[in-house]
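I opened this model to look at one helix and then at the sheets. My notes follow in the order I looked things up.

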Amino acid sequence: MSIFHTEFVKQQAVFMEEELISIRRRLHACPELGTKEIKTSALIMEYLRQWEIPFVFPVADTGIVATIQGEMGANCARKLPVVALRADIDALPLQEDKNRPYCSQNDGVMHACGHDAHTAIALGVAHFLKQHEREWGGIVKIFFQPAEETIGGAERMVNEGCMENPQVDYVIGLHMMPTLEYGEVELRYNDLNAASDELSILIHGKSSHCSHPEQGLDAIVMASAVIQNLQTVISRSLPPLKNAVLSIGTIEGGTAHNIIADQVKLTGTLRTTDNTLRRHLLERIRCIVEETCSAYGGTGEFIIHPGYDALVNDNEIVDVIKEAAARRLDLAHIHFKEHPSLGVEDFSFFLNKASGAFYHLGCACKEKGITAPLHSSNFDIDERALALGFELQTSIVGRLLRRGTTRGAGPT
């Protein structure tokens, strides 16, 4: 019987559940913000060394890439499949309730987004694969990724070569989701999360005393017109069945109540789920800014600060996840998300380099009072989700290894 057989993996999950909970609680007690995950990385490497799993550190400063080589077929000439799993490791700047026995020991920082659970699950999969390395063929990489909540550690890891040497064929990510009960899974074909772009708009006019407005060019009036005209970007430039949102979040300008302002700065965000549409809407914003200001006799600068890319799942890999979940869960507990989220997720940068998919794993339990949303100081998980996450991730890896490499068969 294959080590990836559903019943065998389920048995292993039962054996490992206590260890998974222990790992998660150790991680939960020492949360660290993005780019500062020093103790977190040290704890991960402690387990990897204990299990004799080779790894590379540092990657993107505090990230880790662990690699497990299956020995079956390792000496044959053909190329073996490479599967990657991603676990984000950073925490959030929130104060946790001290009454929990495993609460954060770092004041003002807590794991309020489930990254401790993601990491524990990934470590569990790594341990299992290492224990049975003679019974499967291929390569599995585990990405312990920093700074998902801040500057985007995924892109930095990709730029430092985590998807190469050997080249990754498939990449999988999961996320704890408190809108789902334990034992539920949520999937989506195609677009799952939006791209984000931070926008800066600088409007230049001419200063004058308010008693002589004709001598100036009022940047505040121009800014008001720009903001009004930008409302047409979504209502008149976006196809009705597409998803996007444009928000202006700040406006700064003026020096005194009786002085015509010569400069105003606006900042905002554009979120889109389609790259072609993203480019189109950014160009529309640029035209509106420049041409509106020009009509008033001033000038406008439009500056784009690119954020995360849209997360677009590979539908074939979504089907692989669905098949793995269906072997473990009742079909009534496998849900498909109707609309994409306009929230962001930097797992998208891994998907830019390989086939893959991202899915949500239920972690709520109304009976236990575990219902707090992500990014809240009361967030927690039903820890039974750890064993289920281990089962699903392990089964998905097995299915992807059987699919073979996407790089061609190579010599035989």
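**Entry 1: helix α6**

I began with the span of α6: its 21 residues reach 30 Å from first C-alpha to last, close to the 30 Å expected at 1.5 Å a residue. I note here that the model is predicted.

Next I asked which residues of α6 are buried. I found L277, R278, L281, L282, I285, I288, V289, T292 and C293. Looking down the axis of α6, I see these buried residues within an arc of 135°, so they line one face of the helix. This fits the general rule: an α-helix has 3.6 residues a turn, so residues three or four places apart point the same way. On the other side of α6, I list T276, R279, E291 and A295 as exposed.

I then checked the ends. At the N-terminal end, D274 is the cap of α6. A side-chain oxygen of D274 sits 3.0 Å from the backbone nitrogen of T276. Just after α6, I read a positive phi of about 90° at G297.

**Entry 2: what α6 packs on**

What do the buried residues of α6 pack against? I get β8, α5, β10, β12 and β13. Helix α6, residues 275-295, lies across the four strands β8, β10, β12 and β13. I read its direction at about 155° to β13.

Those strands form an open sheet in the order β10-β12-β8-β13, with antiparallel pairing. I marked β10 (244-253) and β13 (299-306) as the edge strands, each pairing on one side only. Neighbouring strands of this sheet are turned by 20° against each other on average, direction ignored. Helix α5 (residues 219-237) packs on the sheet too, touching β8 (195-204), β10 and β12. The direction of α5 makes about 175° with that of β10.

I followed one pair in detail. Nine bridges join β10 to β12 (residues 263-272). Among the partners, L246 bridges to L270 in β12.

**Entry 3: the other sheet**

I moved on to an open sheet of eight strands, ordered β1-β2-β4-β3-β5-β16-β6-β15, and its pairing is mixed. Its edges are β1 (55-59) and β15 (334-336). Here neighbouring strands are turned by 25° against each other on average, direction ignored.

I looked for a parallel pair. Strand β6 (residues 185-187) pairs with β15 in the parallel sense over three bridges. L187 stands opposite F336 in β15.

Last, I checked helix α7 (residues 315-326). I see α7 lying across β5 (170-181), β6, β15 and β16 (355-364), at about 40° to β16.

Notes:
Residues are numbered from 1 along each chain as its sequence is written. This is a predicted model: local features need pLDDT of at least 70, side-chain atom pairs count only at pLDDT 80 or more; totals for chains, interfaces and linings use all residues. Side-chain values use heavy atoms; hydrogens and water are left out. Two strands pair if DSSP finds at least two bridges between them. Helices (H or I, at least four residues) and strands (E, at least two) are DSSP runs, numbered from the N terminus. Axes are lines fitted to C-alpha atoms, for helices over the stretch in contact, and angles run from 0 to 180 degrees between N-to-C directions. Contact means heavy atoms within 4.5 Å. The expected span of a helix is 1.5 Å times one less than its number of residues. Buried means under 20% relative accessible area, exposed over 50%, partly exposed in between (1.4 Å probe, protein chains only). The arc is that of the directions from the helix axis to the C-beta atoms. A polar contact is a pair of N or O atoms within 3.5 Å; within protein, one must be able to donate a hydrogen and the other to accept it, and residues adjacent in sequence count only if both atoms are side-chain atoms.
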